[in-house]
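Grab the structure and work through these exercises. Each one has a task, then a step-by-step solution.

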Amino acid sequence: MVGRNDPCPCGSGEKYKKCCGREEAVDLQQLMDTELETIMTGFAEHGLEPKEFHQLTQLFSNWQSVLSNVFGKDMIEAMAFESYVFHDRVDIWKGYIGRQKKAQKRQRVLDVLDLWEEPFYMLVEVQQVDNRILQLRDKVTGEIHQMVNAGGAKKGEWLFGVFLRSLRDGKPTVQPAEGLITIPAFQQTVIEELAARLKEGVNDPLDLYRPFVESIPELDLTPFQDEVMGLVSSFIDNYGLNNEVIEGIAFAFLKEVPVKARKPEGVTAGILQAANDFGLFEEVFLTQQIIAGELGTTVGTLSKYRDMVGGFVIERLDKDENAQPRDQNQYRQPYIMPEVVTEMGTDPRLTERGLWEMMKRTENAKSVADFNKVLQQPNVKYKPATDLDRAQQLCYEAFEKDGKERERLAQEALELNPKNGDANLLMAEFVEHDVEKELHYLTALNTGYRTFDDSFDVLWGYVPNRPFLRALFSYGAWLMEQGRYVKAIEQLTEIMDKNPLDHQGAKWLLLSAYIHAGKWEQAGDLTDSFALEDNTGIGMYFHYLSDLHTGVLKPHERSQMKQFIKKRNPHLFKLLQEGKKPGAFPRHFSLQEGNKDEAELVYWLIYGIGEVDEFLG
């Protein structure tokens, strides 16, 4: 406890009652802050001579010509001013501080002024925000600093500019100059280039700011993309997610994947749901219905873009970082996603293995930092910790192979876990007898019933559920191949009940099974439930079948139909003319209007239907 007649602890030499203890107890740090602010303001007003202002004017003009496309005029002037007085002519700054020290009585203020004599450029990551105090990590040196959060910085953001070492409540801190720049975490190109230039040493401060200019082509967004980013940011703020990774995923997806959408709400919902699937909402629980409802879109639209975003993230994780360009001019062209492509087949989608491995790599992440660490190590291979996980990984490897290698990997997975669903589906391909095949299918189904998690709004979105849905689909397709259509209808109906959004295209097999079983009324009810785009794609052929079945077509209309099919997909017309039995349902289709895969799928579905044979005859 300081007595009123004791020397003031600020070091002024005055008694406490005549210094910091006068009137009501005034906070010592507040007094120091006020005094230091006065010193800093005094430099801007009185620290320069007229000839130095002339030099500054020329400097402003130069910086303006380089940075005007990125920063506002006031910001450029602040950065140029700081480069001049804190780097180019730091002698002016040191001279001013020296004069202030001579006039200063408070020792604590003198201690800060001693530290202020050595300003420096620094790039730091905000690692923690606690009661308006930021914990910062220097990108170049790894040194940890403390700073008052006067600008509302968020965890995960980066700060760049001129800093002064200081003291607060007797503890070391740093203080930024006015020209401090906040850099979002997703602007990794800028961050890495800036760090590289700082490591080389600062000769011309303007060179430190050029990466912001060079990044313009990468960072510039269209008005539509800006609107999506705005919706994403608002959603994050409204729900207190405070997660920069979500914005990073959104930005990268919008820049690299051409999206044809009329409204930004659907794309935004898909981005957010993908982030939710990856666990980025942390403790905030939001269903797909809530996300879609908040943005005024449908769950179906959300799911469409969620799949696109999820696939994009996995592709990015799988890219070899050695293939990345070394400079901005060599930045790769964005890949083009076909406008309408649907994947089908008994094998997993191409992105599923990556989603599963990512889930396994991040399931023990306890923080955003842990999750970021995984994202920043795309070339680190997932190493299963258990035989069960190794068996599943072997299955994914087998799905990517053919022939003997596919069988060998499947057998190895089955030895590790005889009840693995995918291992049994794979082995069903290679055993000869139908009884053995069905036993493998039933084993896969039994495993699926035991492990299936129905707590998710969209069951397909939880990757460990997919082997079970795949087993239902594969078994249903095999039953159709055997002519057991009623049993196939049971399996395929169960898929539609569990996953109404039908990511597998099971509705087409179910529709075919109804028709093969003579259940035309049920087939009609199913087609009535289709979305418009289904009726203009593969569904169109089934509408033709219905017309042929009801006999409403006149001879010239049947002839016109034949010519239309021949023109729309000549591959299908050729298959129909050849009339060969199609065999097992294919492992993978990439469907586009008029391509061979569409022809093979439609042919597999309608082969053996009497109306088709009559039509061709």
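**Exercise 1.** By about how many helical turns are Tyr475 and Trp478 separated in helix H20 (residues 466-481)?

*Solution.* Some ground rules: this is a predicted model, where local features need pLDDT of at least 70, side-chain atom pairs count only at pLDDT 80 or more, and totals for chains, interfaces and linings use all residues. Residues are numbered from 1 along each chain as its sequence is written, and side-chain values use heavy atoms, with hydrogens and water left out.

- Helices are DSSP runs of H or I, at least four residues, numbered from the N terminus.
- Tyr475 and Trp478 sit 3 residues apart in H20, so about one helical turn separates them.
- An α-helix has 3.6 residues a turn, so residues three or four places apart point the same way.

**Exercise 2.** Are Tyr475 and Trp478 buried or exposed?

*Solution.* Buried means under 20% relative accessible area, exposed over 50%, partly exposed in between (1.4 Å probe, protein chains only).

- Tyr475 comes out at 1%, so buried.
- Trp478 has 6%, so buried too.

**Exercise 3.** Which residues of H26 are buried, and where do they lie on the helix?

*Solution.*

- H26 covers residues 555-568, 14 in total, and reaches 20 Å from its first C-alpha to its last. That is close to the expected 20 Å (1.5 Å times one less than the number of residues).
- Its buried residues are Met561, Ile565 and Arg568.
- Down the axis of H26, the buried residues fall within an arc of 70 degrees (taken from the directions from the axis to the C-beta atoms), so they line one face.
- On the other side of H26, Pro555, Gln560 and Lys567 are exposed.

Technical notes: Helices (H or I, at least four residues) and strands (E, at least two) are DSSP runs, numbered from the N terminus.
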